[in-house]
Structures are given as structure tokens and as C-alpha cells.
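Please follow the strand pairing of this model, taking its central strand partners one after another and then turning to its open sheet.

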Amino acid sequence: MLASGWPVVCFPGEDQHVFQPSFVLGRSIMRSCKYLILLAVVGLTSVASLVLAAQPPSGQWKPLFNGKTFQGWHIIGVGQWTIEDGIIVGRKNAAEKEFGHLVSDGAFGDFVVRLKFKALQGNSGFYFRCVEEGHSGISGFQAEIAPDANTGGLYETNGRAWVVRPDPELVKKAFKFQEWNEMVVSAQGGDITVWLNGIKMSEVKNDPGRREGHFALQLHGGNDMLVMFKDIEILEQKKP
């Protein structure tokens, strides 16, 4: 007899076997099932967190372009910027070797911006945390916008050049040729993420680059350019 009160049965040449009533075994099975259920819940929660983290942020958005004038923006360099039916249109011919930019008057630190673009011809981009200096007129990070496999990548003009080049197959899946595309760019401290039509294209963590600067839209030097932008908005983030 064990201290637990359950009988011990011994057979020659064998270890002791303790026979327990079925209700004791049932409790043991129930405890195991609860443990497995808890592991499953934790696992699903972790997966859900990863899925949510991969999605663009949402919340209250504030326009950065009023759809009528260039109030809050200024033009530098070559090329032509116009507003047509509420859409910013950038044009330039390849004979102009210099660059052109539409630059925000204000500077921004941490932010989440979304915009719609149509890249019809030539190389463009959405600059952020940039300054008006360098041979191209602008220096800093840009989220690449072009009708090729680099859209959604991160490039530092007058700096490190390509920081993150997107997967061409991912670009092929996300990019809508000659249609409106939505880009979301989030910069929080040194963590920068770019989404294209809801698909994460590039990301850096703890980047050492500039933490504040202007936004800008680009007309690339030496390119025939036709690019359109609309619905440029910034997410209003609550300060702690």
C-alpha cells in the first residue's frame, strides 16, 4: 500500500504498478487537455500579433494636400508640377538632366503617411526626413516609386544608395501597372516600413539615419517623366 492509499501490485521480475481509479486518470487527462488548449491559444495569439504587425497602420488621417493648390508645398529644380482634377501631376523630359521635387514646407519626425500614385513613366519616389542639399537638390531616404521591380524599396539619395531592395516577385504581385497604387510609409524612430497595396515591401530596424526632415515627391534627372499623386495623408498619432 502506498501513502496515497492506492494498492500496489507486484509481479515476479517486474516493477511495482499502481492501479488508480478511472476518475483520477480522468483528472490527469483533463489537466493535459487544458494545457494543450492554453498552448494553442498562446500560439494563435502570437500568430495574430505577427499578422497585425505586418499590416499598414490605421486610424484618423489628416490631408497633407488639399487637392486644389500647392499650399504647404514648394517646387525646386526642373520639370513641371500641375494640379489636374485634384491630382498632382509631375512631368519632365529626359533632356533635363537635373532633378525636380515638390517639397513639403514643414518638417516631420515620426510619422505614418499614405498616398496613392500612378507611375506611368520614369523614376520617382516619396522622400521623407530629407533636406534640400546635395547634387540632386534633395538628400535623404525615399520610398522608391517607378514602373519597375524596385517600387517599395528604400533608397538613400546622396548617402548609402540602396538600403533595402524589394523582392522583385513581391513587387510583381503587389504593383498595379498603369493603375492607382497605395503606398504607406511608417517611420518610428529608427524603424521604417513600406507597404504597397497592403503588402510589406521593405523594412529596417534601428536605422542610424536622420530622424527628422521634409517630405518630397521626385522627378528623376535624365528621365522622361509622367507620375501622378493624390490622397496624400498623415496619420494623427496620439502623443503620450
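**Strand pairing in the model**

P63 stands opposite E233 in β17, where strands are DSSP runs of E with at least two residues, numbered from the N terminus, and two strands are said to pair if DSSP finds at least two bridges between them. This is a predicted model, in which local features need pLDDT of at least 70 and side-chain atom pairs count only at pLDDT 80 or more, while totals for chains, interfaces and linings use all residues. Residues are numbered from 1 along each chain as its sequence is written, and side-chain values use heavy atoms, with hydrogens and water left out.

The strand that holds P63, β3 (residues 61-63), is joined to β17 by three bridges and runs antiparallel to it. Strand β6 (residues 87-92) is likewise antiparallel to β17, with five bridges between them, and here I88 faces F229 of β17. With strand β8 (residues 111-121), β17 forms seven bridges, again in the antiparallel sense, and V113 lies opposite I234 in β17.

How many of the 11 residues of strand β17 are buried? Eight of them are, buried meaning under 20% relative accessible area with a 1.4 Å probe and protein chains only, so strand β17 (residues 225-235) is largely enclosed by the rest of the structure.

An open sheet of seven strands follows the order β4-β7-β16-β9-β10-β11-β12, with antiparallel pairing. Because β4 (73-77) and β12 (161-164) stand at its edges with a single partner strand each, one side of each is left without a neighbour in the sheet. Within this sheet, six bridges connect the antiparallel strands β7 (residues 100-108) and β16 (residues 213-219), and F108 has G213 of β16 as its bridge partner.

Key
Buried means under 20% relative accessible area, exposed over 50%, partly exposed in between (1.4 Å probe, protein chains only). Helices (H or I, at least four residues) and strands (E, at least two) are DSSP runs, numbered from the N terminus.
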